[in-house]
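Student: Please take a close look at a single part of this structure and describe how it is placed among its surroundings. I should like each term to be given with its cut-offs.

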Amino acid sequence: MGLGLAYAGTMNDVVTELLTPALDDESLEVAAVAAIALGQVHVGTGNAELAETIVNRLLALDEAKLGTYHARMLALAVGLVFMGTQADAAVRQWQLLWRAVCGCGCQTKGDTNQRQQLFHLCMPRLPLTLF
């Protein structure tokens, strides 16, 4: 995750080559964190090759794992890659992913407000507690 933050938006090939093999890790947690880091490195680029790699990892999950937090992180990573691109292909892929992972019937065309509504619908409600 630190590499993703350090190289956010840089499209650094060395970091990409370092993190991409982690997407195939047996642990879904490791794959999800690597996907988020890669999404941060390639935020807003519309990198279809990277998005396809993450989507393939997501599609390889069995149905029991699709609703987990880590599966949602994989879908979020794809959203990071296409953030702000407004590309039709990206929007369609985004919609299909969220429907598959979250079971939502809602759609988005890349508008920030719609994306936030989608997140609120799909993410579980966490109780607000203070320390």
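Tutor: A residue is called buried when its relative accessible area is under 20%, exposed when that area is over 50%, and partly exposed in between (1.4 Å probe, protein chains only). The model is predicted, so local features need pLDDT of at least 70 and side-chain atom pairs count only at pLDDT 80 or more, while totals for chains, interfaces and linings use all residues. Residues are numbered from 1 along each chain as its sequence is written, and side-chain values use heavy atoms, without hydrogens and water.

The part chosen is helix α3, residues 28-41; helices are DSSP runs of H or I with at least four residues, numbered from the N terminus. The expected span of a helix is 1.5 Å times one less than its number of residues. For the 14 residues of α3 this gives 20 Å, in agreement with the 20 Å between its end C-alpha atoms.

Helix α3 is mostly covered, with 11 of its 14 residues buried. Those residues are L28, A31, A32, A34, A35, I36, A37, L38, G39, Q40 and V41. They pack against α1 (2-6), α2, α4 (48-59), α5 (63-66) and α6 (69-82), where contact means heavy atoms within 4.5 Å.

One residue of α2 (residues 13-19) is T16. T16 is buried, at a relative accessible area of 15%. Beyond its neighbours within four places in sequence, T16 is in contact with L38, V41 and H42; L38 and V41 are among the buried residues of α3.

As for the setting, the protein chain has eight helices and zero strands, and buried residues make up 38% of its 131 residues.

Key: Helices (H or I, at least four residues) and strands (E, at least two) are DSSP runs, numbered from the N terminus.
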